[in-house]
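Colleague: I'd like a close look at one part of this protein: the strand region towards the end of the chain. Please walk me through how it is put together, and tell me where I should be careful with the model.

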Amino acid sequence: VWGIAIGIGPSGGAGFAGWFDGLTHCTNFAWQSSDAQFKEDVLPMNAALAKIMALQPKSYRLKASEYPTMVFDTALQFGFLAQDVEAVLPQIVRDLQQPDQVDSLGNVTVPGFQFKAMQYDALIPWLAGAIQEQQGVIQQLESKVTLMEQQLATCCTVADGTRMHQGANTIGYIDNTLAPAATDVRALHLDELVVMPNPFTENPTISYRIGTSGRAQLRVSDANGRDMGLLFDTGVQAGQHSMMWNTAAMAAGTYWLVLTLDGKRITEQAVKVQ
């Protein structure tokens with residue numbers, strides 16, 4: 001069967017070479033012209049992931065009894081609502097007209113009606129573009145994770161005069177040259193200097209708990225040890241404390257928080273990512 005569309009263009013006609021109401025079957029693949037020689041204004045597709053994320057896939061059943069001339073399948077279907085897709089990708093949705101059904105005398109037995117149809121195959125390049133964009137994001141995140149793992153491996157290397165300390169939410173170290181006796185270490189709750197979240201993208205929360213009141217100072221330095229400033233220097237009461245850390249002016253990278261209480265010091269690493 002060879003079908004050639006007629007009436008294509010403004011002169012009228014739907015431009016279909018074939019129209020089927022009901023199920024169709026093909027024992028081999030359906031082919032569509034895609035040769036480069038037929039195409040112009042060829043441009044890459046941008047923001048494909050955003051388009052795909054805006055679509056709303058659904059499950060549904062077709063109203064076979066209300067639209068008998070459409071010869072719908074009554075099984076559970078999966079797809080999209082054309083009106084939803086039109087709001088995101090109007091190029092793949094069009095308005096169609098189901099013609100009147102007439103008898104042998106030309107009398108209308110079933111009036112025609114308008115409906116929306118969509119080109120499901122046109123979603124394939126958008127899906128391919130979305131996967132490529134998503135893979136790019138994954139590769140960026142993998143690179144950042146690798147960098148942070150290297151930074152953590154470097155910062156947690158045991159040096160003379162230090163020992164490792166790992167709590168539930170933090171990895172840091174205690175400088176034994178400044179640390180108090182063991183009983184005082186427990187009283188100061190040295191595992192309670194925490195940055196959440198960590199790594200972070202913008203203003204994280206710094207939480208710390210101390211067992212005795214005293215003069216506390218919190219300073220920030222970069223990965224090379226350069227002083228970045230003083231967050232606070234004040235008297236504090238024993239107990240749990242927290243504050244928001246404004247990092248809007250700081251570049252992505254590794255930083256060190258140093259909490260000093262009456263000469264005793266706790267150090268915690270914080271990583272800012274883009």
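Modeller: A word on burial before we zoom in: a residue is buried if its relative accessible area is under 20%, exposed if over 50%, and partly exposed in between, using a 1.4 Å probe on protein chains only. By that rule, 25% of the 274 residues of the protein are buried. You're looking at a predicted model, so local features need pLDDT of at least 70 and side-chain atom pairs count only at pLDDT 80 or more, while totals for chains, interfaces and linings use all residues. Numbering runs from 1 along each chain as its sequence is written, and side-chain values use heavy atoms, with hydrogens and water left out.

Now the confidence. pLDDT is the predictor's confidence in each residue, from 0 to 100; its mean for the protein is 80, and 82% of the residues reach 70 or more. The stretch to be wary of is 157-191, where pLDDT stays under 50. Where pLDDT is low, the predicted coordinates should not be read in detail.

Next, the layout. Helices (H or I, at least four residues) and strands (E, at least two) are DSSP runs, numbered from the N terminus, and the protein has four helices and 15 strands. Two strands count as paired if DSSP finds at least two bridges between them. In your region, E9, E10 and E13 make an open antiparallel sheet, in that order. E9 and E13 are at the edges with a single partner strand each, so one side of each has no neighbour in the sheet. From one strand to the next, the twist averages 20 degrees; axes here are lines fitted to C-alpha atoms (for helices, over the stretch in contact), with angles from 0 to 180 degrees between N-to-C directions. Three bridges hold the antiparallel pairing of E9 with E10, and Val-194 faces Ser-207 in E10.

The loop between E9 and E10 deserves a look of its own. Pro-197 sits there, and the peptide bond leading into it from Met-196 is cis, with omega near -10 degrees. Pro-199 is in that loop too, following a cis bond from Asn-198 with omega near 10 degrees.

Other strands pair up as well. E11 runs antiparallel to E12 over eight bridges, with Gly-214 opposite Val-236 in E12. Four residues separate the strands of that hairpin, and Gly-225 takes a positive phi near 90 degrees. E11 is also joined to E14, antiparallel, by seven bridges; there Ala-216 has Leu-261 as its bridge partner.

What about the packing? A nonpolar core is a set of buried Ala, Val, Leu, Ile, Met, Phe, Trp, Tyr and Cys residues joined through side-chain atoms within 4.5 Å. The largest one has 19 residues, and Ile-206, Tyr-208, Trp-245, Leu-257 and Leu-259 touch the most other members. E10, E11, E12, E14 and E15 are the elements giving two or more residues to this core, and E14 gives the most, with four. Leu-257 shows how busy it gets: setting aside residues up to four places away in sequence, it touches Leu-193, Ile-206, Leu-218, Leu-231, Trp-245 and Ile-266, among others. Contact here means heavy atoms within 4.5 Å.

Finally, the rings. Phe, Tyr and Trp rings (for Trp, the six-membered ring) pair if their centres lie within 6.5 Å; planes under 30 degrees apart are stacked, over 60 edge-to-face, and the rest tilted. The whole structure has seven such pairs. One joins Phe-80 and Tyr-120, with centres 6.1 Å apart and planes at 40 degrees, so the pair is tilted. Tyr-120 is partly exposed, at 37% relative accessibility. The pair in your region is Phe-200 with Trp-245: centres 5.6 Å apart and planes at 50 degrees, so tilted too. Phe-200 comes from the loop between E9 and E10, and Trp-245 from the loop between E13 and E14, 45 residues apart. Both Phe-200 and Trp-245 are buried. That brings us back to the core, where Trp-245 is one of the residues touching the most other members.
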